[in-house]
Structure formats: structure tokens, C-alpha cells
Amino acid sequence: MKIGIIGTGAIGSILAKKFSSAGHQVKVTNTRDMSTLKEIATNLGAEAATLEEVVKDVEAIIFSIPFKAYTDLPKNLLLGVPQEVVIMDTSNYYPLRDGELPGLQGKTESEYISETLGRPVVKVFNNIMEYTLKHKGKATGEEGRIAISIAGDNEEHKKVAAGLVDQTGFDAVGGGILAESWRQEPGTPAYCTELNAGELKEALARAEKGKAPAARDFVMAELNNFQVDPIPPHEEIVALNRSASAKGLKN
């Protein structure tokens, strides 16, 4: 498959490397100068491309950029991209980082992004941490495999996303339509809690609308107060996410 990835941060770079290793033709872009981008792309087994080039002649496009950066993208970026191309969104909204965004209130994060891009999107790879994605993938069918939730309105596009999730070493779990994608946003029981497929389905089902922001902000405050390393070990962050979302459900 030909895949274009916009953003080579924590998640985007790992996806690029995993997909190129799996035999996909991967193009990447970021906001760095082209010489730096080419060096990054080479290390990922991918091809460097400009923003305009990365969306051309591909079958899937993955946006893996900070949430607030979507508003800086060219308005016509996807104008010539065929409708059958799968558009995926891995981002998450954090008010402390992204600020207040007009038009976001009353929508899921990915509904907002879909409107910003002017195209349907599939929300995927957002509820997994960098360390998990990089180190905890397992072969298909292997016991203890962690699951990733997928939400979107196009079933065929979600099937493509599910296949890519499997190739990264994780099980894919249906997260419903895009309007239900709040169930996998930061602060929910499904967000970065390293659950297997059965556990993730249950976590998505028991999420309560409106409770996640408080849990999300609590986790961020705890991480900001942590003075060593400068963040806690990975397993402590997973435990913190689990604790915060559970506490939010009881409030």
C-alpha cells in the first residue's frame, strides 16, 4: 500500500518505520527543512516529501500532528485527493497545549478535524502511547495482545485502518461512528490504558460522556508535577490513566 504520513513526531515516526518494514511504500513530511526531512525519512525507511507531495498518489493518508496544527494546513490540501483514499487522524486535544479552539465545542475531536479537513476521517492510533506502540506489539493471535480502537463512518475505510493496526502488532476494536469517538478520547477508560480486545470493548461501552475532560486534566496536572526524569516510568503513566478514568466514572 502507498501511505502518506503528515508528521514525524512520536506516533508518526513509529508508524512510518513499522509500515515501511512491513513492505508498504511510505512518504513522510514535517515542518523541517528538506535536508533534515530527508535524513529523518531515510532513518524511517521512507521517502521525504513536501506537504503537497505527500498526499498525492497514495491509498491512505495519516495525519499525526498536534491538534492545533490542523488549522494551519492549507484549506485545499485534500482537494485533489480521491474519495476512496483513507484519511486517518491520530491526534488528541489537550487545552493546556492546544488552547481554546473555536468550533470544537459540542463536537468530538475527530468531527472537528473532519470539518477542518473537509473530508471524512478515521480516528485511530490515538489511544496508544509512544512506548506502547514501539515496544509492546505482538504477533496476530498471540496472548496478551493490546488493542487499539477505531472510529469512523466509512466501514471500508475502517477495515483498511484495522489491517494497518494489525500489522503494527495490535488488535483492532470497533469504536463506532465518528460521533461516538469521544469514547476513546483522553480521560476515558479506553485511552492509553493498554487493554486487550475484550477489555477495550468493555471500556468503550462504559465511558460516560462529559466525564473525560476532568480525568484528562487531572493526569496532565499530575505529570506536570512530577519532578523526576522528567516524567514517570511508562507503567506508572498507564496506571495513572486507569486510575483517573475510573475515578472520573465514580464522580
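Two strands pair if DSSP finds at least two bridges between them, and strands are DSSP runs of E of at least two residues, numbered from the N terminus. What you have open is a predicted model, in which local features need pLDDT of at least 70, side-chain atom pairs count only at pLDDT 80 or more, and totals for chains, interfaces and linings use all residues. Residues are numbered from 1 along each chain as its sequence is written, and side-chain values use heavy atoms, with hydrogens and water left out.

**First stop: strand 4**

Select residues 60-63, which make up strand 4. Strand 1 (residues 2-6) runs parallel to strand 4, and four bridges join the two. Add Ile 5 to your selection and you will find Ile 62 of strand 4 opposite. Now bring in strand 5 (residues 86-89), which also pairs with strand 4 in the parallel sense, over four bridges. Here Ile 61 stands opposite Ile 87.

Turn on the side chains of strand 4: which way do they point? Ala 60 and Ile 62 go one way, Ile 61 and Phe 63 the other, and all are buried (under 20% relative accessible area; exposed is over 50% and partly exposed in between, with a 1.4 Å probe and protein chains only).

**Second stop: the rings**

Stay on Phe 63, whose relative accessible area is 0%, and add Tyr 70, buried at 1%. Rings of Phe, Tyr and Trp (its six-membered ring) pair if their centres lie within 6.5 Å; planes under 30 degrees apart count as stacked, over 60 as edge-to-face and the rest as tilted. By this rule there are five aromatic pairs. Phe 63 and Tyr 70 form a tilted one, at 5.8 Å centre to centre with 35° between the planes. Select Phe 67, Tyr 93 and Tyr 112 as well to see the cluster that ring pairs build with Phe 63 and Tyr 70.

**Third stop: the charges**

The structure holds 14 salt bridges (a side-chain nitrogen of Lys or Arg within 4 Å of a carboxyl oxygen of Asp or Glu). Pick Asp 89 and Lys 123, which meet at 3.9 Å, N to O. Asp 89 lies in strand 5 and Lys 123 in strand 6 (residues 122-123), so this pair ties together parts 34 residues apart in sequence. Are these two buried or exposed? Asp 89 is buried at 0% relative accessibility, and Lys 123 is buried at 0% too.

Next, try Arg 216 and Asp 217, a salt bridge whose closest N and O atoms are 2.9 Å apart. Arg 216 is buried at 10%, while Asp 217 is partly exposed at 34%. To finish, select Asp 89, Glu 109 and Lys 123, which salt bridges with shared partners join into one network.
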